Amino acid sequence: MATENKNLSVYDKATVPDAGNFRFGIVVAEWNEKITEGLYQGALEALLDCGAVEENIVRWNVPGSFELTFGCKKMISSEKVDAIIAIGSVIQGETKHFDFVCSAAAQGIKDLNVNTDTPVIFCVLTDNTLQQALDRSGGKHGNKGTEAAIAAIKMAALGT
Ligand code: DLZ
C-alpha cells in the first residue's frame with residue numbers, strides 16, 4: 001500500500017504482543033519540536049495502550065536528528081531497555097543539510113541495529129514541507145510515532 005494511503009495510527013491490537021513485560025527507551029530530537037512532540041505523544045499513547053507501564057518508559061532528548069545515533073548508543077549502554085524509538089523530523093530547506101542529516105540518522109540507526117542487541121526503531125520523518133510533517137505526526141495521515149511504537153513492541157518481543 002502506498003504510504004500516502006496508509007494511516008500510520010491504525011493497528012490491530014490482537015496482533016501486537018503484550019508490552020507489559022518490556023522496558024522502552026524513546027530518544028527525541030528537539031529540532032522541529034512541534035513535530036517531534038507529536039510523534040512522542042503518538043508513541044507513548046500506543047505503548048501504554050498495548051500494556052506498557054509508564055515507569056518502564058524512559059525518555060531522553062538530543063538537539064537534532066543528527067545526534068539520535070549517539071543518544072541511542074548511550075542509552076543502550078546505560079539503561080536496560082528492550083527496544084528504543086528514535087524520534088526526529090527533518091524538513092527540506094534551502095541547503096544540502098537535509099540530505100546529510102537524513103542520511104546520517106538512517107545510517108547511524110541502521111549501524112546500531114547491526115552492531116548491538118537492542119532494536120532501534122527509525123521514527124524520523126523526512127518531508128519536503130512542514131505540512132507533510134504535520135500530516136504524519138498526528139494529522140490526516142495519522143502518527144508515525146504510533147507505527148514506531150508497535151514496531152518497538154514487536155521487536156522487543158522477537159525471540160522471547
Ligand atoms: C542543522 C539542522 C538543519 C538545517 N535541519 C534539521 C532538521 O530539519 N531536523 C533536525 O532534526 N535537525 C536539523 N538540523 C540539526 C542537526 O540535526 C544537528 O543537531 C546539528 O547539525 C548539530 O550537530
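How many nonpolar, polar and charged residues are in the lining of the largest pocket? By class, that lining has 6 nonpolar, 7 polar and 2 charged residues. Please keep in mind as you look around that this is a predicted model. The largest pocket is also the space that the ligand takes, so let's walk through the pocket and then its guest.

**The pocket**

- The volume of the largest pocket is about 300 Å³.
- Its lining is made up of 15 residues, and those nearest the pocket centre are Trp31, Val90, Ile91, His97 and Val101.
- Strand 3 and helix 3 are the elements that give two or more residues to this lining.

**The shell around the ligand**

- From the early part of the numbering, the residues around the ligand include Trp31 and Asn32, followed by Gly64, Ser65, Phe66 and Glu67.
- Further along, Ser89, Val90, Ile91, His97 and Val101 are also around the ligand.
- By class, the shell has 5 nonpolar, 5 polar and 1 charged residues.
- Strand 3, covering residues 83-91, and helix 3, covering 97-115, each supply at least two residues of the shell.
- Strand 3 gives the largest share of the shell, with 3 residues.

**Polar contacts with the ligand**

- In the side chain of Glu67, an N or O atom is 2.5 Å from an oxygen atom of the ligand.
- For Ser65, the distance between a side-chain N or O atom and a ligand oxygen is 2.7 Å.
- Asn32 also takes part, with a side-chain N or O atom 3.3 Å from an oxygen atom of the ligand.
- These three pairs count as polar contacts because the cut-off is 3.5 Å between N or O atoms.

**How much of the ligand is covered**

- Taken alone, the ligand exposes 480 Å², and the protein buries 74% of that area.

**Residues to find in the viewer**

- Trp31, Val90, Ile91, His97 and Val101 are around the ligand and are also the lining residues nearest the centre of the largest pocket.
- Asn32, Ser65 and Glu67 are likewise among the residues around the ligand.

Terms used:
Residues numbered from 1 in each chain as written. Predicted model: local features only at pLDDT ≥ 70, side-chain atom pairs only at ≥ 80, totals over all residues. Heavy atoms only, no water. Near = heavy atom within 4 Å. Polar contact = N/O pair within 3.5 Å; in protein donor to acceptor, adjacent residues only side chain to side chain. Areas by Shrake-Rupley, 256 points an atom, 1.4 Å probe, with all protein chains shown as cover. 1 Å grid on protein atoms, 1.4 Å probe; cavity = no way out; pocket = protein on both sides within 12 Å on 5 of 7 lines; lining within 4 Å. Sits in = over half its atoms within 2 Å of the grid points. Helix = DSSP H or I, 4+ residues; strand = E, 2+ residues; numbered from the N terminus. Nonpolar A, V, L, I, M, F, W, Y, C, P; charged D, E, K, R; others polar. Points joined across faces, edges and corners; volume = space filled by probe spheres on them.
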